[in-house]
Amino acid sequence: MNILSFDTTLNRCSVAVLAAGQVLAHKFQVLQRGHAEALMPMISDAMEMADLTFSDLDLIAVTTGPGTFTGQRVGLSAARGIGVARSLPVQGVGSLSAIAYAARNDGHDNLGDGDILVVLDARREQFYVQHFPADMPIYPAAYLPQAVATNELADLLPEKTCVLVGTGAGMAMEMPGLNRPGVRATSSPPEADAVAVAELAILMVDRDGLPTVPPAPLYLRAPDAKLPGGRTL
Amino acid sequence: MTQIVLGIESSCDETAAAVVDSERNILSNVVLSQIEEHAPYGGVVPEIAARAHIDHLDRLIAEAMAEARVDFDDLDAVAATAGPGLIGGVMIGLVTAKAICTARDKPLIGLNHLEAHALTARLTNDVAFPYLLLLVSGGHCQLVSVTGVNQYKRLGTTLDDAVGEAFDKAAKMMGLGYPGGPLVEIAARKGDASRFKLPRPMKGRDNCDFSFSGLKTAVRRALDSIGDQANDQDHADLCASFQAAVGDVLADRTKRAMGLFEEQHPGARRLVIAGGVAANKAIGERLSTITDRSGFDLIVPPPGLCTDNAAMVAWAGLERLKLGLTSDMTISARARWPLDSLAGATDKPFTGAKA
């Protein structure tokens, strides 16, 4: 299966092309803004590097979030645009799952028998959090991602040893109840990468078959909108 | 040879895709309105708009292509609105267009939304350059001299609210619902336009600019003067009075611009009205009184092509494609993008003028 994958949900922009599970091309850059401008040239470069054309592809894989709303929609617009133009299925992958998958598999850190708690800094005194128990697969995930108040993170902490990964991991260690034996932050990459996105997509397709509807963004937050009188829906 | 372009529009609260060819055939024109999503808020909420665009755009494109019986390989280019507009939505349409172009190796045309409105009359009525354009919508109110593709000179613009915005706000004050423009027009049909004495802001001024905030305040005062017991007839009278005031202001400002335009382009007596407010029949009739008197042709595209749509985007794409004016894959979505900056002029900051 030939896969084009990418991620634009946070402060990176990454693209990968995989064939039969092997990485043929992998490009990434640190990018706080400008994903909408950088992504397409990176995709073209990666396809050229992999020596594949769009008609050779079998699947597009993309992160659905959580992340920045704009970043999520840049990635999904691109994936769904290629999908419609080439009649290709698009597999959505959770950004927290992709981070956990890399932490468990890329060998940056020996996680031992620790659970993985992916923690993203969601601003506004919130974290986006997802718990991956050590004895469970990354997909299907044991728990859903959720948004929690920063000072309530301890409530989600597993009893046993636990490794924190993600852009909020360092900040999380400062929160009440976190600084206890068995809890540590990891050196694994704190953001999703396109290679992990593609590898997770393969697992998902193997288990569930090719997706038949395109993925939607996973926001974990309602839009900022006030009804007349300051109420919210 | 006939060329075919797919157009994509997502700059406000309509998600749209259309296929148009260079023989002026609209092969498909799909528009999904988000009115229901925004109605509870009494106006367009940018984040809600962006969420709706991403959920539907690819499906609408597939529908537009299927309805046109065109394959992606048959396209000569993909055109998308690149601004001005709500940036989250614009970005979705533009990135989607970039993706299709990359996946199918087609040229991209990132368009100014106002240019798409400005050129619509050439799709529907084959209007020759040059012409005077009155662009009236929920986001814009301006008079533009159109001398060619990519050649626009703004003669005047609003200093505060856009004219469609004024309609929406008046409707909101009267509790008529959202979007207000069409509701005000309907209510006004049963109203007495002479009952409320409303101002005609900017009328007679030595320029072609507009202002509607004073008129809005006057509507508020008129409502206050009726008190809590305002009935449907009161609202109808106020709507009629408001609409007449807007019509008078547009007529006065446009008449002035017609004079300027004719000085520069003798014999080119063509006035095109475009944008959502051009769908208002009473406004069109009011403007026809000045064009009739001065021998100008008045051209108004059909209502469905005055409000936001993607056929106009596809057409403007065809016009630019013919001149080789395509875009790079790194083109950015822009929230603000004055039309006459296309030809090189730039807006001075803080002049109070809106794009």
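Here are three short exercises on this predicted model, each with a worked solution.

Before you start: residues are numbered from 1 along each chain as its sequence is written, and chains are lettered from A in the order in which they are written. Local features need pLDDT of at least 70, side-chain atom pairs count only at pLDDT 80 or more, totals for chains, interfaces and linings use all residues, and side-chain values use heavy atoms, with hydrogens and water left out.

**Exercise 1. Chain B on its own**

Work out why the radius of gyration of chain B agrees with a compact globule.

Step 1. Chain B holds eleven helices and ten strands (DSSP runs: H or I of at least four residues for helices, E of at least two for strands).

Step 2. Its C-alpha trace spans about 60 × 50 × 35 Å along the principal axes.

Step 3. A compact globule of 355 residues would have a radius of gyration near 20 Å, and chain B has 20 Å, so the two agree. That radius is taken over C-alpha atoms, and the globule rule is 2.2 Å times the number of residues to the power 0.38.

**Exercise 2. Where chain B meets chain A**

Describe the interface of chain B and chain A.

Step 1. Start with who takes part: 29 residues from chain B and 32 residues from chain A are in contact (heavy atoms within 4.5 Å).

Step 2. Now the area. The two chains bury about 2,600 Å² between them, 66% of it on carbon and sulfur atoms; buried area is the accessible area (1.4 Å probe) lost on putting two parts together, summed over both. On the chain B side, B:Tyr41, B:Arg51 and B:Ile54 lose the most, together 24% of what that side buries.

Step 3. Look for charges. There are two salt bridges across the interface (a Lys or Arg side-chain nitrogen within 4 Å of an Asp or Glu carboxyl oxygen). One of them pairs B:Glu47 with A:Arg73, with the closest N and O atoms 2.9 Å apart.

Step 4. Check the helices: α2 (46-68) and α3 (87-104) of chain B each give at least two residues to the side that touches chain A.

**Exercise 3. Inside chain A**

Find how the two domains of chain A are laid out.

Step 1. Domain 1 covers 2-95 + 191-208, and domain 2 covers 110-185; such bounds come from an automatic or database assignment.

Step 2. Their C-alpha centres lie 26 Å apart. Eight residues of domain 1 and six of domain 2 form the contact.

Step 3. Between them the domains bury about 740 Å², 77% of it on carbon and sulfur atoms. The salt bridge count here is zero.
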